[in-house]
Amino acid sequence: MKNKLILFLGLFLSASFFAMAQDNISPSRKQAIDSLALEKVKDLSKYIAIIGSKETQFSEANRVMDRAEELFAPGAEMGVSSINTQEIAYYKVRRYFERLMALNYDRVNITWYDIQYISDLERQPDGRYVGVITIYQRFEGTSIETGMNYKDTTKKDITIYVEKKQTQIAGRTIEFWDVMLGDVRVTETSA
């Protein structure tokens with residue numbers, strides 16, 4: 001009986017190890033995932049510029065908000081800061097976009113630059129991989145009527161989630177690695 005229990009535990013542990021090994025990401029797959037994550041961050045940058053622009057039609061901004069929301073994991077939040085206060089406010093993604101669209105400026109220009117990984121993907125107990133991409137955001141808002149001109153540069157860290165998903169194609173189940181953006185945390189703001 002004891003030998004059967006040891007044999008069963010040995011088989012169970014080796015099967016568990018094999019299942020975990022299958023979820024490990026090969027170097028070539030990791031490179032493709034890194035490229036996809038960076039591409040999604042660049043897409044977000046474009047979407048934010050479109051949503052924030054006062055030249056964007058309301059219907060187009062809403063369409064772009066829908067597309068931008070698809071990049072994020074459920075419940076993700078985005079940080080907002082200002083050089084006028086130490087406070088950092090966090091909003092759910094959709095609310096952040098709505099507030100961005102409603103900013104009280106005649107002209108808004110938002111650019112992201114120096115986009116890069118600052119932490120490698122690390123496997124989590126739930127099987128997902130998590131990493132962090134850092135970006136710098138330059139914000140410029142101008143109000144013609146009041147002559148108000150606001151500028152700041154914010155360093156932000158974007159959490160990246162990578163998990164294995166399944167889809168059906170022509171009746172076959174296909175597994176793939178998907179990248180979702182998580183919280184966007186403000187780490188510093190300067191003039």
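pLDDT is the predictor's confidence in each residue, from 0 to 100.

**Entry 1: what I'm looking at**

I'm working with a predicted model, where local features need pLDDT of at least 70, side-chain atom pairs count only at pLDDT 80 or more, and totals for chains, interfaces and linings use all residues. Numbering starts from 1 along each chain as its sequence is written, and side-chain values use heavy atoms, with hydrogens and water left out.

I checked confidence before anything else: the protein averages a pLDDT of 88, and 88% of the residues score at least 70. The weak patch I noted is residues 3–22, where the pLDDT is below 50. Beyond near neighbours in sequence, that stretch has 2 contacts in the model (a contact means heavy atoms within 4.5 Å). Where pLDDT is low, the predicted coordinates should not be read in detail, and I'll leave that part alone.

**Entry 2: the parts list**

I found 4 helices and 6 strands. These are DSSP runs numbered from the N terminus: helices are H or I with at least four residues, strands are E with at least two. Reading from the N terminus, I get the order α-α-α-β-β-α-β-β-β-β.

I also looked up how contacts spread along the chain. Counting contacts between residues at least 6 apart in sequence, 62% join residues at least 24 apart. Of the 191 residues, 35% count as buried (buried is under 20% relative accessible area, exposed over 50%, partly exposed in between, with a 1.4 Å probe and protein chains only).

**Entry 3: α2 against α4**

How do α2 and α4 pack, and at what angle? Helix α2 (residues 27–52) and helix α4 (residues 93–101) sit at about 45°, with their axes 8 Å apart. The axes are lines fitted to C-alpha atoms, for helices over the stretch in contact, and angles run from 0 to 180 degrees between N-to-C directions. That makes α2 oblique to α4, since angles under 35 degrees count as roughly parallel, over 145 as roughly antiparallel, 65 to 115 as roughly perpendicular and the rest as oblique.

I listed who meets whom: L44, I48, I51 and G52 from α2 meet Y96, F97, L100 and M101 from α4. I sorted these residues into 7 nonpolar, 1 polar and no charged. For that sorting, Ala, Val, Leu, Ile, Met, Phe, Trp, Tyr, Cys and Pro are nonpolar, Asp, Glu, Lys and Arg charged, and the others, Gly among them, polar.

**Entry 4: the core**

The largest nonpolar core has 36 residues. Such a core is a set of buried Ala, Val, Leu, Ile, Met, Phe, Trp, Tyr and Cys residues joined through side-chain atoms within 4.5 Å. Its largest share, 7 residues, comes from α2. Among the residues with the most contacts inside the core are L44, I48 and F97.

I followed I48 outward: leaving out residues up to four places away in sequence, I48 touches M78, Y96, F97, L100, I110 and W112.

Then I turned to A68, which lies in helix α3 (residues 58–69). A68 counts as buried because its relative accessibility is 0%. Again skipping residues up to four places away, A68 touches L44, Y47 and F97. A68 and F97 are 29 residues apart in sequence, yet 8.9 Å apart in space, C-alpha to C-alpha.

**Entry 5: two positive phi values**

D114, in strand β3, has a phi near 50°, positive in a residue other than glycine. Its relative accessible area is 41%, so D114 is partly exposed.

A170 has a positive phi of about 50° too, although it is not a glycine. I found A170 in the loop between β5 and β6. A170 counts as exposed because its relative accessibility is 81%.
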